[in-house]
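Welcome, and please get your viewer ready. This tour tells you what to select at each stop and what you will find there.

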Amino acid sequence: IFYYLDSLLYIIPMSYKMNRRKFLTYVGCGCCGFVINSCTTAPITDRKQLKLIPEAKLNAQAAQIYEKVKEKEKLIKDTKSINEIKEIGKKMENAISIYFDKSNLSDPTANFKWEYILIDNDKVKNAWCMPGGKIAVYSGMLKITKNTNGLAAVMGHEIAHAVAKHSVERASRGVLVQTGTTLIDIFSGGALSQINRSTGMDTVGLISSIGIMNPFNRKQESEADYLGMIFSSLSGYDIRETEKIWERMKEANKGKEPPQFMSTHPSSDSRIRNIQTWLNEIIIKYPPVS
């Protein structure tokens with residue numbers, strides 16, 4: 001919490017700045033106990049996480065949104081395509097649960113209500129997994145995956161977001177940044193509001209996104225790449241296809257990728273380098289579960 005509030009303080013011009021130590025002391029005294037009780041770690045990677053939003057609340061909201069998506073979008077119910085998605089999903093469900101059980105760790109998917117849909121939209125090369133295990137794959141993504149191992153790589157990545165509770169974490173950090181911005185605005189006599197009025201845009205929000213939220217989101221994406229490869233390997237799929245997936249994605253998005261610092265995702269080149277670094281380690285440490 002101190003890192004994020006201190007980062008926001010640097011947005012204020014020198015003429016508006018208050019004593020940072022005094023401000024952080026005031027806020028810290030009121031928030032410390034609350035934040036400490038909200039600290040957890042991500043599964044497998046043990047990265048420290050901040051969770052201020054109840055997971056059950058997000059899961060319930062996600063389930064409602066998922067139902068609306070199913071009503072709005074045209075779904076493909078072709079037996080072969082959707083059955084392959086469900087088969088990969090089921091293998092990952094089981095492999096994840098078995099891995100955490102054998103490791104004597106709490107299963108982060110214990111309360112998931114898994115569900116899978118295939119959306120008929122060839123223009124969208126995407127897939128996602130909502131909190132609680134609600135998964136969607138767009139038909140356009142099948143042109144990138146091309147085979148079962150490729151599809152498993154993509155699904156493993158999306159499932160990893162849900163397993164690592166990334167949505168809970170993002171929502172919590174959003175609340176933290178918003179609260180910090182409001183408090184700084186109050187203690188600085190409206191300095192942040194003045195900046196926005198002077199520039200005619202949400203300058204403070206833009207700076208906090210580029211300087212705080214985007215780097216954090218890229219960290220989550222890299223973590224999902226890593227965990228997704230683990231889940232694919234545990235499920236018996238060939239994770240060497242993962243690198244090929246991102247090579248195909250790079251080609252499909254040629255000339256469309258924004259600079260990495262402006263994006264919530266790592267660049268394709270960064271992802272490929274990471275995958276090459278992790279590949280042998282994951283194959284050795286996380287063989288298919290029996």
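Where is the place of isoleucine 119? Select that residue and you will land in strand 3. Keep in mind throughout that you are looking at a predicted model.

**Stop 1: isoleucine 119**

Is isoleucine 119 buried or exposed? With a relative accessibility of 0%, isoleucine 119 counts as buried. Now add valine 69 to your selection: the two residues are 50 apart in sequence, and their C-alpha atoms are 9.3 Å apart in space. Leaving aside neighbours within four places in sequence, the contacts of isoleucine 119 include Val69, Leu75, Ile76, Ala136, Val137 and Tyr138.

**Stop 2: the whole protein**

Zoom out for a moment. The protein has eleven helices and five strands. Of its 290 residues, 47% are buried. Take the contacts between residues at least 6 apart in sequence: 71% of them join residues at least 24 apart.

**Stop 3: the nonpolar cores**

In soluble globular proteins, nonpolar side chains tend to be buried together. To explore this here, select Ile85, Val137, Ile230, Phe231 and Ile282; among the 46 residues of the largest nonpolar core, these touch the most other members. Elements giving two or more residues to this core include helix 4, strand 3, strand 5, helix 9 and helix 11. Which element provides the largest share? That is helix 6, with nine residues.

Click on isoleucine 230 by itself. Apart from neighbours within four places in sequence, isoleucine 230 is in contact with Ile44, Ile282 and Tyr286. There is also a second, separate core, made of nine residues, with Tyr66, Val69, Ala136 and Tyr138 among them.

**Stop 4: helix 6 and its ends**

Select residues 148-163 to light up helix 6. Its 16 residues should span 22 Å at 1.5 Å a residue, and the C-alpha atoms at its ends are 21 Å apart, which agrees. Of those 16 residues, 14 are buried, so helix 6 is largely enclosed by the rest of the structure.

Next, look at the start of helix 6. A side-chain oxygen of asparagine 147 comes to within 3.2 Å of the backbone nitrogen of asparagine 149. Lysine 146 sits in the loop between helix 5 and helix 6. Lysine 146 has a positive phi of about 70 degrees, although it is not a glycine, and with a relative accessible area of 58% it is exposed. Then go to the other end: just after helix 6, lysine 165 has a positive phi of about 60 degrees.

**Stop 5: helix 10 and its partners**

Keep helix 6 on display and add helix 10, residues 241-252. The axes of helix 6 and helix 10 are 9 Å apart, and the helices pack at an angle of about 80 degrees. These two helices are therefore roughly perpendicular to each other. Asn149, Gly150, Ala153 and Val154 of helix 6 make the contact with Glu241, Thr242 and Ile245 of helix 10.

Now bring in helix 11, residues 268-285. How do helix 10 and helix 11 run, roughly parallel or roughly antiparallel? Their axes come within 9 Å and cross at roughly 170 degrees, which makes helix 10 roughly antiparallel to helix 11. Residues making this contact include Trp246 and Lys250 of helix 10 and Arg271, Ile272 and Ile275 of helix 11.

**Stop 6: glutamate 93**

Move to helix 4, residues 79-102, and pick out glutamate 93. Glutamate 93 is buried, with a relative accessible area of 11%. Which side chain does glutamate 93 join in a polar contact of 2.7 Å? Show tyrosine 116 to see the partner. Not counting residues up to four places away in sequence, glutamate 93 touches Trp114 and Tyr116.

**Stop 7: alanine 171 and aspartate 46**

Select alanine 171 in helix 7, residues 166-187. At 27% relative accessibility, alanine 171 counts as partly exposed. Leucine 52 is 119 residues away along the chain, yet the C-alpha atoms of the pair are separated by 8.0 Å. Beyond its neighbours within four places in sequence, alanine 171 is in contact with Ile53 and Leu58.

For the last selection, choose aspartate 46, found in the loop between strand 1 and strand 2. Aspartate 46 counts as exposed, at 54% relative accessibility. Its phi is near 60 degrees, a positive value in a residue other than glycine.

Terms used. Residues are numbered from 1 along each chain as its sequence is written. Side-chain values use heavy atoms; hydrogens and water are left out. Helices (H or I, at least four residues) and strands (E, at least two) are DSSP runs, numbered from the N terminus. Buried means under 20% relative accessible area, exposed over 50%, partly exposed in between (1.4 Å probe, protein chains only). A polar contact is a pair of N or O atoms within 3.5 Å; within protein, one must be able to donate a hydrogen and the other to accept it, and residues adjacent in sequence count only if both atoms are side-chain atoms. Contact means heavy atoms within 4.5 Å. The expected span of a helix is 1.5 Å times one less than its number of residues. A nonpolar core is a set of buried Ala, Val, Leu, Ile, Met, Phe, Trp, Tyr and Cys residues joined through side-chain atoms within 4.5 Å. Axes are lines fitted to C-alpha atoms, for helices over the stretch in contact, and angles run from 0 to 180 degrees between N-to-C directions. Angles under 35 degrees count as roughly parallel, over 145 as roughly antiparallel, 65 to 115 as roughly perpendicular and the rest as oblique.
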